[in-house]
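Subject: Structure for you to look at

Hi,

Here is the structure I said I would pass on. Please open it next to this email and follow along.

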Amino acid sequence: MYVRRLELVDFRSYERVGVDLEPGANVLVGANGVGKTNLVEALGYVATLDSHRVATDAPLVRLGAESAVIRCAVVHEGRELLVELEIVPGKANRARLGRSPARRARDVLGALRLVLFAPEDLELVRGDPAERRRYLDDLLVLRQPRYAGVRADYERVVKQRNALLRTAYLARKTGGTRGGDLSTLAVWDTHLARHGAELLAGRLELVAALTPHVTKAYDAVAAGRAEAGIVYRPSVELVEPVPDRAALTEALTTALAETRTAEVERGTTLVGPHRDDLVLTLGPLPAKGYASHGESWSFALALRLAAYDLLRSDGIEPVLALDDVFAELDAGRRERLAELVGGAAQLLVTCAVDDDVPVALRGTRYQVGEGTVSRVE
Ligand SMILES: Nc1ncnc2c1ncn2[C@@H]1O[C@H](COP(=O)(O)OP(=O)(O)OP(=O)(O)O)[C@@H](O)[C@H]1O
């Protein structure tokens, strides 16, 4: 799979820009702050409907504009598909696939499979569990787009259940009588257990498939230092490593009953996949709190390379984007990384200085200026 063309209107710093890309390596060069990351961020957004830099859509729209458009032509198995997304902050995104409007924006998921590694990914190792849950869920959706619906349903249930618990909590605190009614909580428990089990099952299956790829990728990046592992840590007790949906629903239902008093006391939902973590280990130690800067960086890179490898083993070779990566690496690691990714169907590399990019990856070159991208022949 590769992106043949990318067009942006009012996205980030770009008023209007278009760039034809090539299979193989594409190197986007430009001074700091000219908009290189904005280009790969736009493609990442098409792949996941999510930005790797911001949690809300407003910063993606150019200052002073009302909406942003990302349009890209994706070639897969010799066929070209046009994907268009209009981002309207505060409203649902609009999307087109080919010539037809999509019913929902999430219908575009699966059209572009792209794995992006960026400096922000250090947070995968050092940051809160939410970062690692997002990594897993984005990958889950990239592999099986139907999980976008599962994820959205689960998030909606948690939000509504939390609103109910919070209202009761506040009513109790203020001594009021209104809003303290928890009679519908049992209904929300049922929904939470059902959608939560679905999401949890997806994550557990994903982690089982991903683990050997993470170990292998870290070994390749860090050259035989401690072995890297990943362990899914659920907020409920599981008897088997990958239980079936019914067992997971049961486990969540039991855990909700057990924590009911604490949840009512604290006014929030304390069990479910939104409280889980993916623990990263280096040898016998957790990476978080123990790994050095270089090890953390290698682990974050290994997580992305493992995602790329897993998607590739599913049968569709994804696009790989490396944002500002090479400047962080010493010469040995640069060469090792170049060897690992050199064969990608399409590789997008951003950098401020050409010399940072290993010779083997210097394919098609683009000069990025303020609001412009031009190919260097
Ligand atoms: N919504 C927006 N409207 C206008 N400009 C924006 C918007 N969001 C970001 N920018 C501008 O885009 C620029 C950052 O672009 P980007 O992050 O792509 O830079 P870069 O070329 O990757 O830089 P570096 O090499 O430093 O990583 C900044 O100058 C920022 O002010």
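**Helix packing**

Start with α5 and α7, which are oblique to each other. Helix α5 covers residues 185–222 and helix α7 covers residues 293–313. Their axes lie 7 Å apart, at an angle of about 130°. The crossing of this pair is right-handed. On the α5 side, the contact is made by A209, L210, H213, V214, A217, Y218, V221 and A222. On the α7 side, the contributing residues include E295, S298, F299, L301 and A302. Also on α7 are L303, L305, A306, D309 and L310. By class, this contact has 14 nonpolar, 2 polar and 2 charged residues.

Before going on, one caution: this is a predicted model.

Helix α5 has another partner, α3, which spans residues 129–143. The axes of α3 and α5 come within 10 Å and cross at roughly 90°. That angle falls between 65 and 115 degrees, so α3 counts as roughly perpendicular to α5. Helix α3 brings L136, L139 and L140 to the contact. Helix α5 answers with G202, R203 and L206. The classes here are 4 nonpolar, 1 polar and 1 charged.

Helix α3 also packs on α4, residues 147–173. These two axes come within 8 Å and cross at roughly 140°. That makes the α3 and α4 pair oblique. From α3, the residues are D137, L140 and V141. They meet Y147, A148 and R151 of α4. This contact has 4 nonpolar and 2 charged residues, with no polar ones. Note L140: it is listed in the contact with α5 and in the contact with α4.

**Sheets**

In what order do the strands of the 6-stranded open sheet run? The order is β8-β12-β13-β3-β14-β15, and the pairing is mixed. The edge strands are β8 (114–117) and β15 (372–376), each paired on one side only. Neighbouring strands in this sheet are turned by 20° against each other on average, with direction ignored.

Within that order, look at β3 (residues 24–29) and β13 (residues 346–351). They pair in the parallel sense, over 6 bridges. To find the register, use L28, which stands opposite T350 in β13.

There is also an open sheet of 3 strands, in the order β9-β10-β11. Its pairing is antiparallel. Strands β9 (228–233) and β11 (285–286) stand at the edges, each with a single partner strand, so one side of each has no neighbour in the sheet. Strand β10 covers residues 277–282 and is joined to β11 by 2 bridges. In that pair, L282 stands opposite L285 of β11.

**Hairpins**

Next come β4, β5 and β6. Strand β4 (residues 68–76) runs antiparallel to β5 (residues 79–87), with 9 bridges joining them. V74 stands opposite L81 in β5. The hairpin of β4 and β5 has 2 residues between the strands. There, E77 takes a positive phi near 50°.

Strand β5 is also joined to β6 (residues 94–97), by 4 bridges in the antiparallel sense. The bridge partner of E86 in β6 is R94. How many residues lie between β5 and β6 in their hairpin? There are 6, and G90 in the turn has a positive phi of about 85°.

**Ligand**

Last, the ligand. Which residues come nearest to it? Of the 17 around the ligand, they are S13, N32, K36, T37 and N38. Helix α1 (residues 36–48) supplies the largest share of the shell, 3 residues. By class, the shell divides into 5 nonpolar, 8 polar and 4 charged residues.

**Where to look**

If time is short, try these views:

- The α5 and α7 crossing, which is right-handed.
- The α3 and α5 contact, where the axes cross at roughly 90°.
- The parallel pair of β3 and β13.
- The β5 and β6 turn, with G90 at a positive phi of about 85°.
- The ligand shell, with S13 and N32 among the residues that come nearest.

Best wishes

Key:
Residues numbered from 1 in each chain as written. Predicted model: local features only at pLDDT ≥ 70, side-chain atom pairs only at ≥ 80, totals over all residues. Pairing = 2+ DSSP bridges. Axes fitted to C-alpha atoms, helices over the stretch in contact; angles between N-to-C directions. Near = placed C-beta within 6 Å. Nonpolar A, V, L, I, M, F, W, Y, C, P; charged D, E, K, R; others polar. Parallel < 35°, antiparallel > 145°, perpendicular 65-115°, else oblique. Left-handed = near helix turned anticlockwise from the far one by under 90°. Contact = placed C-beta atoms within 7 Å.
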